[in-house]
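Dear colleague,

I am handing over the structure we spoke about, with my notes on it below. Please read them beside the sequence and the model.

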Amino acid sequence: MKTKPLPLLFFFFICMPIFAQDLLPFVENFSKSNYQGDNQIWNLAQGNDDAMYFANNYYLLRYDGVKWEKNSLPNKTIIRSILVDKDRIYSGSYKEFGYWFRKEGKMQYVSLSKGNKVFDDKNNEEIWKIFKFKNQIYFQSFNGLFLYDGKKIKQIKFPFLASYCFVVEDQLLIASVEQGVYRLKGGNIEKVSEWAVLENNVIHAIEKYDGKIYFFTKKNGVYVLENGSINPWKNPLNAVLKSANINVAEFLKNNKLVVGTASKGVFIFDLKDGSYSNISRNNVLMNNSVLSIGHDKENDLWLGLDNGIAHIEVNSPTAIFYDSSGVLGSVYSVATIPAGYLMASNHGLYKFVDKKLSLIPNSEGQAWNISKINSQFLIGHNEGTFIYKNDSFDKWSTINGGWNMTKSGINNSYIQSTYSGIVIYTDVHDLSKHIVVKGLLKPIKYAAQNRKNEIWAADNNRGLYRILYNDNYETLSVDNVTQLSKINNDFGVKIVEFRNEVLFLVHDTWYTYNSITNKLVENDLFNANFKNVSDIVTIDENHFMVLKEGLLYHIFAKENKFIWNIVQEKYYKGKIINDNLKVSKSDDNYLLNLDDGFIKLQLKYNSKSNPQIKIEGMNGDHLVGDNSKIDYNSELKLFIISGIYGVNKPSLFYKINDTKKFTAVKEGVVVLNNLESGSYEVSIYNYDGLSYKKIAEFNYQVAQPWYSSFWMILLYITIISVVLYVYYRWNKLRYIQKLALQEEELKHQKKILEMELKAEHELNTQEYEKHILALELQTKSSEVAGKSLSIAKQSEMIDKIQGILNSESDINKLTSEIKKAIKINAVNKHEWETFETNLNQIHNEFMINLSKKFPNLTPKDIKLCIYLKMNLSSKEIAPMMNISYRGVELHRYRLRKKLNLVQDENLSKFLLMI
């Protein structure tokens, strides 16, 4: 039967160390994308202005901690070396050397070699090193030296090919490529014969430390001169350095030796305890080839790489564990173990001991939390809860997902938050004894206890619960306190214990529980000090960590005051695991989990003095000073430069004019956009944890917009005047035209009106005449009717009488017959009534108008008026009214009185007008 070796190989793999690691000082890398230059950094130094200068092939780079600048030589040659002396930065390149100085925010170059015929046309000289010795500046090539005393240049040629020159105490040593070491003495070059052991070695550094001289060779490691004898350095590191190819080396003031290699990065050796760290591409360095080494005034280390720049905070208490391989994964919790660290990650549980990182067997999967209880570690894992002790890893609980573990505030029990609720470990000596709290089957992220038989639990999603139980751990009640307190937005509740008090962070508001009202009430102290906090983790009774607006703060509580210590963002930028911030205490430090490792930070609070800062303003491409005037609606960048690059970099804030809000200065830049016209004051403040102290200010004035300048205003006035004048002239012309048009229109309207009036008058006249004719016609008709009736009766009566006269002879009988005939021929009553009716119909309108005008007229008066209108005489009227002629005249007289007619007025004409 065949065996299956794969499981054995897998077990061997997870048990063995994965790779060598180290807890390293923080390394800040700068790539070409940062400084926009070339690959190699041949040399570097810090200037007296605190800025760092770099020889970067065709560029001289300058970095002040905020912004990068790059400058080129006039002849565009490669810069190989630099030296800072007072306010000058000397540089050397191909057949060129000189110095730079800064004026009005820009670097200016002065050539020392140009025009002095320093270089022979036949030789291809490059200045690879510049140093100062006995008040003279030395420019060194592989073939000789150029001495500059401030006035003239002197040349010394080597009789051999040299690597570099070194100043050791009061002597100038010259390392040849093959013939050993020489000494420059009195202008003469003489060989140091007693150092013959160094022949055939390319020496890249000679340094003196603690009375010994160290020789750093390219391929044969380090030699030490002690008691007149040169021997290989007796240190295990020397064997490593031989295979790494030494490029540069330097002793730092804090008893550290720094060695930069061509293939294995940089080695930092502690001369006190003999330990060393290797920073390379395997951990945090961008490139393994170190070309140059320098240090700043904080004694931190700067490396010039074959591709990039590194700043290493070797003097900082901050240290970082970083896994670049991805094997470790995201770290959710860290704890200190003897000689190392224990880390819970999404890949399992790892230990880091003796610079080796290894996976704990059988711990694969998501590990959430590490809690140290006595001498053992309780591991909250996706698969349950495990105990780690003496390299053994055993499962003690099958309850999945131990997110967090907290110690009870009233006894020695521990409370665990899990995927499915709360677990209480009642016996710290036997962690297998645990109790599952009933009645709350929810994913609980945080829990706390500060009263007997009461536990607070925060749901991973939303809600805060208060659990009450009896002495037998039987659940009595589970209340959703956020709902009872009518808090609608209760997502992501966080629980914090501070001085035996439990506080709750619910939607950016801090609460405590009021046992009388059984509701949450706002906490004034924390709401006044910790607004806009997104996460908070307790370290101990007086220290905790706060994440606010993307920045981490270490808080030190002193009575009711809180001292804020900002943690520089560069230490954790882009590496914080949201809602899973874990902090563990380690002696006087604390460990903070990161996305790819963890960071160790100092716990104690150090009061910092106010730094000296410089403010440089840039308006577009122009440098602007204090009290300058800048263009309207332009962008102003203020570079807040402290000249401090390491852990002591100040926490700066700014305010504009009299605004109340302090805004953090991020990455040393304040960007002001869309500037309105007016005067502004930008005040810079240093925050010492308790108060803001003003340390600098920058005043500027924003000019009026171009359209508000004097000449533009004059132009506006001119344009407006011209427009108003043209408008006036145009309106006047229109007015004149309008008047003429109105006059013409009035004439036309008048003519039309006259024509209309004339036509109307003619029409009225015609109507009037027509009406008169109609009246006359009616009158004539009446007259004709009356006359006709009268004539007819008279004719009939005459014919009758004529007949009687012809037939009768008797006088008496004749008289009787005539009377009878007259009586018969008289108009009968019915005929008169008919006549009067017809007469009234013909003159109906006249009768109505007459009655309206003269309501006091009698019917007899109206009848007389009709007869008079018919133009009948008094004689003709008398029989028709059955009165005498005298009666008619009298009646006419009375009628005139009633009609209010004067003597001269004609009665008949008056009646015709009605």
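Val-202 is found in the loop that connects strand E19 (188-191) with strand E20 (203-209), where helices (H or I, at least four residues) and strands (E, at least two) are DSSP runs, numbered from the N terminus. At 27% relative accessibility Val-202 counts as partly exposed, the classes being buried under 20% relative accessible area, exposed over 50% and partly exposed in between, with a 1.4 Å probe and protein chains only. Leaving aside residues up to four places away in sequence, Val-202 touches Ser-163, Val-177, Phe-216, Thr-217 and Lys-218, contact meaning heavy atoms within 4.5 Å. From Val-202 to Leu-868, 666 residues apart along the chain, the C-alpha atoms are separated by 163 Å.

Please keep in mind that this is a predicted model, in which local features need pLDDT of at least 70 and side-chain atom pairs count only at pLDDT 80 or more, while totals for chains, interfaces and linings use all residues. Residues are numbered from 1 along each chain as its sequence is written, and side-chain values use heavy atoms, with hydrogens and water left out.

Next, the sheets. One open sheet of four strands has the order E24-E25-E26-E27 with antiparallel pairing, two strands being paired if DSSP finds at least two bridges between them. Its edge strands, each pairing on one side only, are E24 (246-252) and E27 (276-279), and neighbouring strands are turned by 15 degrees against each other on average, direction ignored. Within this sheet, E24 and E25 (residues 256-261) pair in the antiparallel sense over six bridges, and Val-248 stands opposite Gly-260 in E25. Helix H3 (residues 236-244) lies across E24, E25, E26 (266-270) and E27, running at about 165 degrees to E26; axes are lines fitted to C-alpha atoms, for helices over the stretch in contact, and angles run from 0 to 180 degrees between N-to-C directions.

A further open sheet of four strands, also with antiparallel pairing, has the order E3-E30-E29-E28. Here the edge strands are E3 (27-30) and E28 (290-295), each of which pairs on one side only, and the twist averages 20 degrees from one strand to the next. Five bridges join E29 (residues 301-305) to E30 (residues 308-312), which run antiparallel, and Gly-304 stands opposite Ile-309 in E30.

Strand E58 (residues 597-602) has five of its six residues buried, so it is largely enclosed by the rest of the structure. E58 pairs in the antiparallel sense with E57 (residues 589-594) over six bridges, forming with E57 a hairpin that has two residues between the strands, and Lys-600 in E58 is the bridge partner of Leu-591. Strand E31 (residues 319-322) also pairs with E58 in the antiparallel sense, over four bridges, and there Phe-321 stands opposite Phe-598.

Towards the end of these notes comes helix H11 (residues 874-881), whose buried residues are Ser-874, Ile-877, Ala-878, Met-880 and Met-881. Just after H11, Asn-882 takes a positive phi of about 60 degrees.

With best regards
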